[in-house]
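User: Please take a close look at one part of this protein: its disulfide. Tell me where it sits and what surrounds that picture.

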Amino acid sequence: MRLVWLTLLFLLATVPAGAQTFKLVTEEQPPMNFTDPETGRVVGITTELVEAIMAKAGYEYDLSVLPWNRAYRYALRDANTCIFTTVRTPGREDKFKWVGPLYTSGWAFYRRAGADVAIDSVADIGGRAVTATTGTINISGIADIPGIQLIEVPTDQRALVLLNEGRADLWVSGVFTAFIGGDQAGVVPELAFLWRPIELSLACNIATDDEAIARLNAANETLEPLRQKLKARHYYYTRERTPAAPSE
């Protein structure tokens, strides 16, 4: 009987973590996460990293690509649901349990190529017309810059048209994704001012088990070589395999 109990305890102790299944949700946002137009697979430098984290931690998962607002709502509502690539902000801190950072990125101000627009600090932005995409995290904070003339538009492509036509002096975008909008709009923006660093993370529903979050964070910490390799492939994903129209 003692041997039976020992065997049972051993089997319970070795049940893979993957017995718990996660629901991963993301959006079309190359090069971080997007649907490959040729294969239909969800790929991207964050997608591959998150999949590696799940595998390393021993968890199974289902992955869906959804409009951002719907994906965000599911992550807030449903246990064991995680959304990426999510900017970790003070306003979101207590709404999720966090795995990351997956990458450290940032927001920047871009000018039209060759434009005589010198920005050395946030104070230099006052009095200038700045365009940004409505509903994105980069709107947060810039509206409070004294004297700024903020022009909100529905897409990065539209923002770049305004920049290229001289109707805006600056455009705000994430440094990972800025030139994708430029490619699609036929505009080559120049970096004018690197604004602020941000953490890009996996945000999990607040009811997610703490031990699972700890396992996922531990797995993430072991994957630095892969993280650097994926960052080096950034241009592969954007220059050669970018979908025609990523969602907002």
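Analyst: Start with a cut-off. A residue is called buried when its relative accessible area is under 20%, and exposed when that value is over 50%. Keep both limits in mind for what follows. Note too that this is a predicted model.

Now the link itself. The structure holds one disulfide. Its partners are Cys82 and Cys204, with sulfur atoms 2.1 Å apart. The angle about the S-S bond is 105°, and the link of Cys82 and Cys204 is right-handed. Distant parts of the chain are tied together here: 122 residues separate the two cysteines. Cys82 belongs to strand S5, which covers residues 81–87. Cys204 belongs to strand S10.

Is the pair buried or exposed? Take each cysteine in turn. Cys82 has a relative accessible area of 0%, so Cys82 counts as buried. Cys204 also comes out at 0%, and therefore is buried.

Strand S10 deserves a second look. The strand spans residues 190–205, and Leu194 lies in it. Leu194 has 52% relative accessibility, so this leucine counts as exposed. Strand S10 thus carries a buried cysteine, Cys204, and an exposed leucine, Leu194. Leu194 also contributes to a nonpolar surface patch. Val175 and Leu191 make up the patch with Leu194, and its area is about 260 Å².

Next, the setting. The protein has 248 residues, and 46% of them count as buried. Cys82 and Cys204 both fall in the buried class. The secondary structure comes to eight helices and ten strands. The exposed surface is about 12,200 Å², with 54% of it supplied by carbon and sulfur atoms. Contacts also reach across the sequence. Of those between residues at least 6 apart, 73% join residues at least 24 apart. The disulfide spans 122 residues.

Last, confidence. The mean pLDDT of the protein is 84. A value of 70 or more is reached by 81% of the residues. Two stretches fall below 50. One is residues 1–16, which has zero contacts in the model beyond near neighbours in sequence. The other is residues 236–248, where the pLDDT is also below 50. That stretch has 39 contacts beyond near neighbours in sequence. Where pLDDT is low, the predicted coordinates should not be read in detail.

To sum up the part you asked about: Cys82 and Cys204 form the disulfide, and the link joins strand S5 to strand S10. Cys82 is buried, and Cys204 is buried.

Note on methods: Residues are numbered from 1 along each chain as its sequence is written. This is a predicted model: local features need pLDDT of at least 70, side-chain atom pairs count only at pLDDT 80 or more; totals for chains, interfaces and linings use all residues. Side-chain values use heavy atoms; hydrogens and water are left out. Patches are made of residues with over 30% relative accessible area and no salt bridge: like charges are joined within 9 Å, nonpolar side chains (Val, Leu, Ile, Met, Phe, Trp, Tyr) within 5 Å. Accessible areas come from the Shrake-Rupley method with a 1.4 Å probe; for residues, only the protein chains shown count as cover. A salt bridge is a side-chain nitrogen of Lys or Arg within 4 Å of a carboxyl oxygen of Asp or Glu. Helices (H or I, at least four residues) and strands (E, at least two) are DSSP runs, numbered from the N terminus. Buried means under 20% relative accessible area, exposed over 50%, partly exposed in between (1.4 Å probe, protein chains only). Contact means heavy atoms within 4.5 Å. A disulfide is a pair of cysteine sulfur atoms within 2.5 Å. pLDDT is the predictor's confidence in each residue, from 0 to 100.
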